Amino acid sequence: MAEQAPAAPRTFHPRPVLVELASAILVVGAATNLLISVDGLMGMAQSGGDIGVPTLITIAVATVTLALGLAVRFGRAWLVTVNVMAVIGFLELLSQTSIGYVFGGLDVFVVLALMRERPWFEWSARQRAEAA
């Protein structure tokens with residue numbers, strides 16, 4: 001019987017700080033946006049006003065951003081997150097409001113951080129493929 005060669009030790013690459021920070025910014029920003037949107041929706045419903053499509057779109061965008069933040073935390077959906085956050089950041093900066101500048105700037109930071117840490121996402125995907 002042939003002896004089995006010991007498996008090559010798995011290398012461990014800790015999650016980069018920029019990935020942690022980008023994920024935290026996405027999750028906290030989305031949760032804040034979701035709470036503000038739901039509060040606005042409740043206020044409009046109580047006053048008998050029209051709920052409006054923009055409020056529903058904001059809730060949908062916040063939910064998607066929250067999901068992307070969690071995906072980034074686990075090393076997934078890098079390309080989707082970069083593209084979605086680039087578009088959202090651009091739209092927020094176009095709003096030309098102070099809160100739009102803040103959230104748009106955070107979104108630009110997230111895009112730049114994820115672009116900088118792309119090799120970690122590639123490594124993470126290879127590790128998952130080898131484990132499967």
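**Exercise 1. In this predicted model, which residues is Thr81 in contact with, leaving aside its neighbours within four places in sequence?**

Solution. Once the neighbours within four places in sequence are set aside, the contacts of Thr81 are Leu26, Leu68, Val72 and Leu114. To place Thr81 itself, look along the chain to helix H3, which covers residues 78-94 and contains this threonine.

**Exercise 2. Decide whether Thr81 is buried or exposed.**

Solution. Start from the cut-off, by which a residue counts as buried when its relative accessible area is under 20%. The relative accessible area of Thr81 is 0%, and Thr81 is therefore buried.

**Exercise 3. Find how many salt bridges the whole structure holds, and work through the partners of Glu20.**

Solution. A search of the whole structure gives three salt bridges. Step one takes the pair Arg15 and Glu20, whose closest N and O atoms are 2.9 Å apart. Step two takes Glu20 again, since its side chain also meets that of Arg73 in a salt bridge, with 3.6 Å from N to O. This second pair links distant parts of the chain, because Glu20 belongs to helix H1 (residues 17-47) while Arg73 belongs to helix H2 (residues 53-73), and the two are 53 residues apart.

Step three asks how accessible these residues are. Arg15 has a relative accessibility of 30% and so counts as partly exposed; Glu20, at 29%, also counts as partly exposed; and Arg73 is partly exposed with a relative accessible area of 29%.

**Exercise 4. Describe the salt bridge between Arg118 and Glu122, and say where in the chain its two partners sit.**

Solution. The side chains of Arg118 and Glu122 meet at 3.1 Å, N to O. Both residues lie in helix H5, which runs over residues 118-131, and because they are four residues apart there, about one helical turn separates them. Turning to accessibility, Arg118 is partly exposed with a relative accessible area of 41%, and Glu122 is likewise partly exposed, with a relative accessible area of 37%.

**Exercise 5. Which residues are joined into one network by salt bridges that share partners?**

Solution. Return to the pairs worked out above: Arg15 forms a salt bridge with Glu20, and Glu20 forms a salt bridge with Arg73. Through such shared partners, Arg15, Glu20 and Arg73 are joined into one network.

Terms used: Residues are numbered from 1 along each chain as its sequence is written. This is a predicted model: local features need pLDDT of at least 70, side-chain atom pairs count only at pLDDT 80 or more; totals for chains, interfaces and linings use all residues. Side-chain values use heavy atoms; hydrogens and water are left out. A salt bridge is a side-chain nitrogen of Lys or Arg within 4 Å of a carboxyl oxygen of Asp or Glu. Buried means under 20% relative accessible area, exposed over 50%, partly exposed in between (1.4 Å probe, protein chains only). Contact means heavy atoms within 4.5 Å.
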